[in-house]
Amino acid sequence: MKAVSVINKNFLQLSNNYLFAEIAKRVKEYKENHADEKVISLGIGDVTRPLPPAITDAMHKAVDELGVQSTFRGYGPERGYDFLREAIIEGDFKSRGVEMDASEVFVNDGAKSDTGNIGDILSADCTIGITDPAYPVYIDSNRMAGRQVEFISDACSVPDHKIDVVYLCYPNNPTGEVLTREMLTRWVEWAQQQGALLLYDAAYEAFIRDEAVPHSIYEIPGARSCAIEFHSFSKTAGFTGVRCGYTVIPKDLGELNHLWERRQCTKFNGASYIAQRGAEAVYSAEGRKQTRAIIDYYMENARLMTESLTACGYEVRGGKNAPYLWVKTPAGCDSWAFFDKLLNECSLVCTPGVGFGKQGEGYVRFTAFGEREDCIEAMKRIQALA
Ligand SMILES: *Cc1c(COP(=O)(O)O)cnc(C)c1O
């Protein structure tokens, strides 16, 4: 038997997303020819600040516990430890006037896994709506399962027809934009009318500055019966390498809560005890203060970059409630042409918007996750270009 006859052919339908490989290739080539230039990367969506002490102290303590007979722990509960789920409910929901029960919170090893894996408990033939541009995980994970994906080009107006499941990510990666309470309310009402399910990715909620913008979809009345929400400690607290997040599936969604528990008990054995103790510390008084300071650092980068780019005449979106700037390319320059121009003339790496979807053409994404000095230097180089 040839192995080819047993493969999941849906994988063959995936468009090969060469985005980051193509960027790496062009940067490598540039560096080979410009050995003395300092290349600054404002491209990759990964944090750069180290974990703050409140978190590393909690993780050290957890490691020590695991090394002692009386406090050793093996497999943890599949839903996550009570200490963390209770801290989450207090810190992220009760504090915002949202009631949530511990049985509705599932701790995971990061939001990427669950935004993809959630499809395990959804019908193979449901239609999936995804905003364009988008985080590529939503598209590829559903195509792997053979589902039809429909692109939504404007999340500011709801579709005029039924889509079974819609992914919404706000603050958005890559555009940095947010949905106002009114727009989010319109989505919840639409989902209720259509009997649709919303998958709300709140990975960047900690970057919201505008008091009027909701941090959780459950701040909207009715969302408990039509939305699942994903959270991550990755961008909030620098956990991209530690790995911890959580998913909320309210009991008002009926069977879905139970099915997800069944799924997790079968396919997942929990996030590590060490990571969960680290995540718990994010909610302590010190942890809050220290993670806040890191987010402030990134958001000051975003402010400086927005100010500078705007002064140069660029049209900048995002950057106010998110660590991403979505910058319109100059006339006559598509995403990749502007990427090449910035690389060749400024030794600067960004991400071509078209890599996140067709509607991303004509934009590039800058991240505010860099070092302050690098952001300032990058802006000087762009000024010199203008
Ligand atoms: C970074 C990111 C996440 C978080 O992924 P983790 O697996 O938790 O590190 C989730 N959604 C989006 C849109 C992201 O950009």
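A polar contact is a pair of N or O atoms within 3.5 Å. In this predicted model, a polar side-chain atom of lysine 235 lies 3.3 Å from an oxygen atom of the ligand, a distance that meets this cut-off. Two further pairs were found. An oxygen atom of the ligand is 2.8 Å from an N or O atom in the side chain of asparagine 173. At alanine 111 the partner belongs to the backbone: a polar backbone atom of this residue is 2.7 Å from a ligand oxygen atom.

On its own, the ligand has 390 Å² of accessible area, and the protein covers 94% of this area. The largest pocket is the space taken by the ligand. Two elements give two or more residues to the shell around the ligand, namely helix H4, which spans residues 111-117, and helix H7, which spans residues 233-237.

The ligand has 14 residues around it, and those that come nearest are Tyr204, Ser232, Ser234, Lys235 and Arg243. By character, the shell consists of six nonpolar, four polar and four charged residues.

The model also contains an open sheet of four strands, in which the pairing is antiparallel and the order is S9-S10-S13-S12. Strand S9 (316-318) and strand S12 (351-352) each pair on one side only, and these two are therefore the edge strands of the sheet. The antiparallel pairing of S12 with strand S13 (residues 363-367) runs over two bridges. Across this pair, threonine 351 stands opposite arginine 365 in S13.

Terms used:
Residues numbered from 1 in each chain as written. Predicted model: local features only at pLDDT ≥ 70, side-chain atom pairs only at ≥ 80, totals over all residues. Heavy atoms only, no water. Near = heavy atom within 4 Å. Polar contact = N/O pair within 3.5 Å; in protein donor to acceptor, adjacent residues only side chain to side chain. Areas by Shrake-Rupley, 256 points an atom, 1.4 Å probe, with all protein chains shown as cover. 1 Å grid on protein atoms, 1.4 Å probe; cavity = no way out; pocket = protein on both sides within 12 Å on 5 of 7 lines; lining within 4 Å. Sits in = over half its atoms within 2 Å of the grid points. Nonpolar A, V, L, I, M, F, W, Y, C, P; charged D, E, K, R; others polar.
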